[in-house]
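Notebook open, viewer open. I want to jot down what I look up, one stop at a time.

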Amino acid sequence: MKDALGSVQTILVLGGASELGAAIAARLAGPRRATVLLAGRDREKLAGAADRIRAAGAGRVELVDFDATNTSDHEKFVSELPEMAGDIDVAILAFGLLGDQEVDENGGDGAVQVAATNYVGAVSVGLPLARLLRQQGHGTLVVLSSVAGERVRRANFIYGSSKAGLDGFAQGLGDSLAGTGARVLIVRPGFVHTKMTAGRPAVPFSTTPDAVAEATVRGLAHDQDIVWVPPVLRLVMAIARHLPRAVFRKLPA
Ligand SMILES: NC(=O)c1ccc[n+]([C@@H]2O[C@H](COP(=O)([O-])OP(=O)(O)OC[C@H]3O[C@@H](n4cnc5c(N)ncnc54)[C@H](OP(=O)(O)O)[C@@H]3O)[C@@H](O)[C@H]2O)c1
């Protein structure tokens with residue numbers, strides 16, 4: 001099939017059982033019968049995501065072991081990709097932990113797990129992946145950031161700060177790849193109905209995995225640097241970002 005993304009043949013999803021990662025992979029791989037590598041830590045959950053992606057029309061779906069917090073394995077993991085799958089056209093950083101702010105700020109290792117997964121894990125695997133794409137001379141790293149990192153709120157500052165760090169890292173990484181043929185696409189969704197947010201009250205501008213997938217594929221097709229889902233959040237957050245702290249602090253959680 002020939003389209004703006006006609007050359008996409010191989011897609012890697014890190015955090016392969018992520019609902020958003022799987023939705024993006026399905027939308028991207030289906031029409032192109034592309035190969036998808038789902039990398040994650042739970043084979044059973046990965047197999048469920050694989051079934052959905054195959055049903056969407058993907059050519060081949062492989063499961064690979066990957067843990068975002070096992071940072072000492074990441075260089076090796078990335079170095080084995082070419083033999084496993086050839087060139088990677090799109091790599092999606094979809095792993096993440098929301099944590100429980102109220103519990104985590106009062107002790108235990110939850111806060112560190114959130115930071116270690118969302119920020120440290122992404123830095124650890126993002127750098128060798130970017131080097132791989134640079135060597136290939138093509139390919140896009142899709143980073144699932146969040147509006148939560150655009151202006152960090154008291155109500156979820158552990159998760160929000162991890163996403164702020166991730167987003168800044170992704171911006172700089174994208175700049176470092178300029179002119180190499182490789183790219184970074186940052187996706188900043190608001191509240192999405194997935195298992196990560198299950199049971200939490202929805203907020204205004206809530207959206208769905210399908211909408212995030214559609215916006216991401218459109219962003220890839222148009223070589224965009226940043227995608228907001230839904231797009232109105234770009235405006236909302238531009239205002240929120242400039243509110244005085246004393247006002248921002250009083251906004252409903
Ligand atoms: N849902 C939202 O409202 C929303 C909004 C903005 C941004 N995001 C971001 O979008 C990404 C995907 O979220 P989602 O909604 O699709 O959530 P999800 O379905 O809960 O997926 C998150 C995935 O991350 C994986 N993961 C967690 N820790 C890991 C680790 N150490 N190593 C490997 N994988 C690990 C989980 O794997 P297991 O299956 O093994 O637990 C899970 O499959 C996340 O980065 C999230 O922060 C989500």
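**Aspartate 223.** I started with aspartate 223, which sits in the loop between H8 and S7. A note to self before going on: this is a predicted model. I looked up the backbone of aspartate 223 and found phi near 50 degrees, a positive value in a residue other than glycine. Next I checked its side chain, and it meets the side chain of arginine 183 in a salt bridge, 3.8 Å from N to O. Arginine 183 is in strand S6 (residues 182–189), 40 residues apart from aspartate 223, so I wrote the pair down as a link between distant parts of the chain.

**Another positive phi.** Arginine 33 is not a glycine either, yet has a positive phi of about 50 degrees. I found arginine 33 in the loop between H1 and strand S2 (35–40). Is arginine 33 buried or exposed? It is exposed, at 57% relative accessible area.

**A salt bridge inside one helix.** I went back to H8 and picked out arginine 218 and glutamate 214, both in that helix and four residues apart, about one turn. Reminder from class: an α-helix has 3.6 residues a turn, so residues three or four places apart point the same way. The two side chains form a salt bridge, with the closest N and O atoms 3.6 Å apart. I looked up the exposure of each partner: arginine 218 is partly exposed at 43%, and glutamate 214 is partly exposed too, at 39%.

**A salt bridge across the chain.** How many salt bridges does the structure hold? I got 12. One I followed joins the side chains of glutamate 150 and arginine 241, again at 3.6 Å from N to O. Glutamate 150 lies in the loop between strand S5 (139–144) and H7, and arginine 241 lies in helix H9 (residues 232–242), so this pair ties together parts that are 91 residues apart in sequence. Glutamate 150 is buried, with 17% relative accessible area, while arginine 241 is partly exposed at 44%. The pair also belongs to a network of salt bridges that links Glu150, Asp167, Arg188 and Arg241.

**Helix H9.** Since I was there, I looked at which H9 residues are tucked away: Leu233, Met237 and Ala240 are buried. Seen down the axis of H9, the buried residues fall within an arc of 60 degrees, so they line one face of the helix. On the other side of H9, I noted Arg234, Leu235, Ile239 and His242 as exposed.

**A cis bond.** Proline 230 is in the loop between S7 and H9. I checked the peptide bond leading into it from valine 229, and that bond is cis, with omega near -5 degrees.

**The ligand.** Last stop. I counted 29 residues around the ligand, and the closest are Ser18, Ala68, Tyr159, Val192 and Thr194. By type, this shell divides into 13 nonpolar, nine polar and seven charged residues. Helix H1 (19–29) and helix H7 (157–176) each supply at least two residues of the shell.

Which atoms come up against the ligand's nitrogen and oxygen atoms? A side-chain N or O atom of aspartate 67 is 2.9 Å from a ligand nitrogen. A backbone N or O atom of alanine 68 lies 2.8 Å from a nitrogen atom of the ligand, and one of glycine 96 lies 3.1 Å from a ligand oxygen. Taken alone, the ligand exposes 890 Å², and the protein buries 94% of that.

How values were computed
Residues are numbered from 1 along each chain as its sequence is written. This is a predicted model: local features need pLDDT of at least 70, side-chain atom pairs count only at pLDDT 80 or more; totals for chains, interfaces and linings use all residues. Side-chain values use heavy atoms; hydrogens and water are left out. A residue is near a molecule or strand if one of its heavy atoms lies within 4 Å of it. A polar contact is a pair of N or O atoms within 3.5 Å; within protein, one must be able to donate a hydrogen and the other to accept it, and residues adjacent in sequence count only if both atoms are side-chain atoms. Accessible areas come from the Shrake-Rupley method with a 1.4 Å probe; for residues, only the protein chains shown count as cover. Ala, Val, Leu, Ile, Met, Phe, Trp, Tyr, Cys and Pro count as nonpolar, Asp, Glu, Lys and Arg as charged, and the others, Gly among them, as polar. A salt bridge is a side-chain nitrogen of Lys or Arg within 4 Å of a carboxyl oxygen of Asp or Glu. Buried means under 20% relative accessible area, exposed over 50%, partly exposed in between (1.4 Å probe, protein chains only). The arc is that of the directions from the helix axis to the C-beta atoms.
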